[in-house]
Amino acid sequence: MIQIVTKDDIMKLTGYSNSQSKKLIREAKALLVSEGFQWYQNKRINRVPLKTVENILGFELSLQNDIIV
């Protein structure tokens with residue numbers, strides 16, 4: 001199952017600020033579009049796969065206490 005994260009989830013998992021989390025979501029969306037997932041060009045989409053965020057950050061995020069289900 002693919003786990004999806006929002007900026008709020010990233011803030012909880014990493015401790016990043018609101019603006020850093022938004023920037024990370026934008027970067028993940030741009031990466032997904034470049035890989036051929038054109039629907040991520042939509043401004044209203046604010047969720048991306050957790051694996052994409054982990055690839056950008058370069059480390060795996062721990063899902064403590066099942067924050068993301």
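Tutor: pLDDT is the predictor's confidence in each residue, from 0 to 100. The term comes up at once, since this is a predicted model.

Student: In which element of the protein chain is confidence lowest, and in which is it highest?

Tutor: The general idea is that where pLDDT is low, the predicted coordinates should not be read in detail. In the protein chain, α1 has the lowest confidence, with a mean of 92, and α2 has the highest, at 97. Averaged over the protein chain, the pLDDT is 89, and 88% of the residues score at least 70.

Student: How many helices and strands does the protein chain have, and what pattern do they follow?

Tutor: There are 3 helices and 2 strands in the protein chain. Reading along the sequence gives β-α-α-β-α.

Student: What share of the contacts in the protein chain with a separation of 6 or more comes from residues 24 or more positions apart?

Tutor: That share is 50%. As for the surface, about 4,900 Å² of the protein chain is accessible, and carbon and sulfur atoms hold 49% of that area. Of the 69 residues, 32% count as buried.

Student: Which residues touch the most other members of the largest nonpolar core?

Tutor: In soluble globular proteins, nonpolar side chains tend to be buried together. Here the largest nonpolar core has 14 residues, and V5, I10, V48, V53 and L61 touch the most other members. At least two residues of this core come from each of α1 (7-14), α2 (18-34) and α3 (50-57). The biggest contribution is that of α2, with 5 residues.

Student: How many salt bridges does a search of the whole structure find?

Tutor: Side chains of opposite charge can pair when their charged atoms come close. The search of the whole structure finds 2 salt bridges. One joins the side chains of D8 and K7, with N to O at 3.2 Å. D8 is partly exposed, at a relative accessible area of 41%, and K7 is also partly exposed, at 25%.

Student: Where do K51 and E54 lie, and how many residues apart are they?

Tutor: Both are in helix α3, 3 residues apart, which is about one turn of the helix. They form a salt bridge in which the closest N and O atoms are 3.4 Å apart.

Student: Is K51 buried or exposed, and is E54 buried or exposed?

Tutor: Buried means under 20% relative accessible area, and exposed means over 50%. K51 has a relative accessible area of 53%, so it is exposed. E54 has 8%, so it is buried.

Student: Which residues does E54 touch, not counting residues up to four places away in sequence?

Tutor: E54 touches F59, E60 and L61. With L61 there is also a polar pairing: a polar atom of the E54 side chain lies 3.0 Å from the backbone nitrogen of L61. A28 is 26 residues from E54 along the chain, and the C-alpha atoms of the two are separated by 9.6 Å.

Student: Where is S21 placed, and is S21 buried or exposed?

Tutor: S21 belongs to helix α2. With a relative accessible area of 0%, S21 is buried. Its side chain reaches the backbone oxygen of S17 at 2.9 Å.

Student: With which residues is S21 in contact, leaving aside its neighbours within four places in sequence?

Tutor: The contacts of S21 are then K7, I10, M11 and Y16. Two of these names have come up before: K7 pairs with D8 in a salt bridge, and I10 is one of the core residues that touch the most other members.

Definitions and conventions: Residues numbered from 1 in each chain as written. Predicted model: local features only at pLDDT ≥ 70, side-chain atom pairs only at ≥ 80, totals over all residues. Heavy atoms only, no water. Helix = DSSP H or I, 4+ residues; strand = E, 2+ residues; numbered from the N terminus. Buried < 20%, exposed > 50% of the residue type's maximum accessible area, 1.4 Å probe, protein only. Contact = heavy atoms within 4.5 Å. Areas by Shrake-Rupley, 256 points an atom, 1.4 Å probe, with all protein chains shown as cover. Core = buried A, V, L, I, M, F, W, Y, C linked by side-chain atoms within 4.5 Å. Salt bridge = Lys/Arg side-chain N within 4 Å of Asp/Glu carboxyl O. Polar contact = N/O pair within 3.5 Å; in protein donor to acceptor, adjacent residues only side chain to side chain.
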